[in-house]
Amino acid sequence: MPAIAKTKQLPETKKGFTLIEVMLVLGLTGLLIVGMLGGTFTAIAHQRYNDSVRSFAEYLRTVYGEVLSPESLGAGNSMSEAVFGKILVFGYNYPDSSDSTRSVYSATLIGKADIPTSIDGDFMDELAYVEAHLYCGDAGSSSTQDYYLPLWEASLAKANNTHSSEPFVGTVLIARSPTSGTVHTYFSENLTYDLRDGCTSENQTASGIFRTDIQDRRAEYRQEAVGFCIKSENAAVYREVRLAEDGRNTSAISILDTDSDIPGEENRCR
């Protein structure tokens with residue numbers, strides 16, 4: 001019987017990934033993760049910036065709401081004095097505070113309650129007649145001084161058609177006419193007041209200075225549209241929150257984020 005020839009068995013080759021293939025897969029996976037995380041961080045930053053813009057606009061609307069309903073402001077009304085509105089002080093230079101260029105301080109505006117039906121002059125003359133000043137509290141009562149800080153480390157800059165880095169400084173006065181009750185808005189970029197330390201029940205310096213300014217320097221308050229650039233490291237393009245000239249109610253506040261063909265309606269924050 002013939003012998004059966006034995007077939008030579010070749011050694012089995014183990015199959016798997018080479019080191020280069022493994023490194024390539026890991027590298028691609030890492031790039032995908034970085035891309036996903038980068039997109040997530042960008043979305044979060046964009047959302048935070050939009051929140052800071054909306055928060056500031058809502059803060060201004062709240063002030064108008066309070067002025068329109070002065071009973072919501074609480075202290076200040078009495079038999080001899082009445083609440084007329086609020087002032088907002090921007091960018092007061094506090095050497096001991098890193099938030100000076102971001103902070104917004106406010107206080108309630110009051111004046112004589114006994115007034116005639118008409119007063120010669122304009123709105124600012126009416127405030128002078130009623131000896132308008134700030135309610136900073138009496139003995140045993142708290143001040144109406146309040147404080148706002150933009151969200152997410154945002155800051156406020158002047159809106160002047162540039163990528164502005166100049167902090168917004170000045171005082172916005174939002175108050176009702178003593179004779180007609182109509183709300184008016186005035187702005188001064190030269191007059192600011194230390195509401196933080198100078199408008200308390202123990203220290204009413206700010207109120208005295210404001211009263212003097214209304215008597216002697218009220219011409220420095222004027223009616224004009226006021227634009228705030230909301231600056232943040234979370235945004236490459238800034239948006240403007242604009243306060244309309246002589247705003248009367250919450251509709252005076254608008255948020256501008258795109259250029260417009262209408263003169264005066266374009267975003268002035270680049």
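A residue is called partly exposed when its relative accessible area falls between the buried range, under 20%, and the exposed range, over 50%. With 49%, S80 therefore counts as partly exposed. Please keep in mind that this is a predicted model. The protein chain has 270 residues, and 41% of them count as buried. Below is a short tour, from the whole chain to S80, helix 4 and the aromatic rings.

**The chain as a whole**

- The secondary structure of the protein chain adds up to four helices and ten strands.
- Reading from the N terminus, you will meet these elements in the order α-β-β-α-β-β-β-β-β-α-α-β-β-β.
- Take the contacts in the protein chain with a separation of 6 or more: 66% of them join residues 24 or more positions apart.
- The protein chain has an accessible surface of about 15,000 Å², and carbon and sulfur atoms account for 55% of that.

**S80 and its neighbours**

- You will find S80 in the loop between helix 1 (19–68) and strand 1.
- Leaving aside residues up to four places away in sequence, S80 touches G111, K112 and A113.
- S80 and K112 are 32 residues apart along the chain, yet their C-alpha atoms are separated by 6.0 Å.
- K112 also has a partner of another kind: its charged end sits over the ring of Y129, 5.0 Å from the ring centre.

**Helix 4**

- Helix 4 covers residues 205–216, which makes twelve residues.
- From its first C-alpha to its last, helix 4 reaches 17 Å, close to the 16 Å expected at 1.5 Å a residue.
- Which residues of helix 4 are buried? They are A206, S207, F210, D213 and I214.
- These residues lie on the same side of helix 4, because they cover an arc of only 125 degrees around the axis.
- The general background is that an α-helix has 3.6 residues a turn, so residues three or four places apart point the same way.
- What do the buried residues of helix 4 pack against? Their partners are strand 1 (81–90), strand 2 (104–112), helix 2 (123–129), strand 3 (133–134), strand 6 (170–176) and helix 3 (195–198).

**Aromatic rings**

- Searching the whole structure turns up 13 aromatic pairs.
- One of them is F56 with F228: the ring centres are 5.0 Å apart and the planes are at 70 degrees, so the pair is edge-to-face.
- This pair links distant parts of the chain, since F56 belongs to helix 1 and F228 to strand 8 (residues 226–231), 172 residues apart.
- Both F56 and F228 are buried.
- F90 and F168 also form an edge-to-face pair, because their ring centres are 5.2 Å apart and their planes are at 75 degrees.
- F90 lies in strand 1 and F168 in the loop between strand 5 (155–158) and strand 6, so this pair ties together parts that are 78 residues apart in sequence.
- Are F90 and F168 buried or exposed? F90 counts as buried at 1% relative accessibility, and F168 is buried with a relative accessible area of 4%.
- Ring pairs join F56, Y59, F90, Y148, F168, F187 and F228 into a cluster.

**A charge over a ring**

- R196 lies over the face of Y94, at 4.0 Å from the ring centre.

Definitions and conventions: Residues numbered from 1 in each chain as written. Predicted model: local features only at pLDDT ≥ 70, side-chain atom pairs only at ≥ 80, totals over all residues. Heavy atoms only, no water. Helix = DSSP H or I, 4+ residues; strand = E, 2+ residues; numbered from the N terminus. Expected span 1.5 Å × (residues − 1). Buried < 20%, exposed > 50% of the residue type's maximum accessible area, 1.4 Å probe, protein only. Arc of directions from axis to C-beta. Contact = heavy atoms within 4.5 Å. Phe/Tyr/Trp six-rings, centres within 6.5 Å; stacked < 30°, edge-to-face > 60°. Lys NZ or Arg CZ within 6 Å of the ring centre and 35° of its normal. Areas by Shrake-Rupley, 256 points an atom, 1.4 Å probe, with all protein chains shown as cover.
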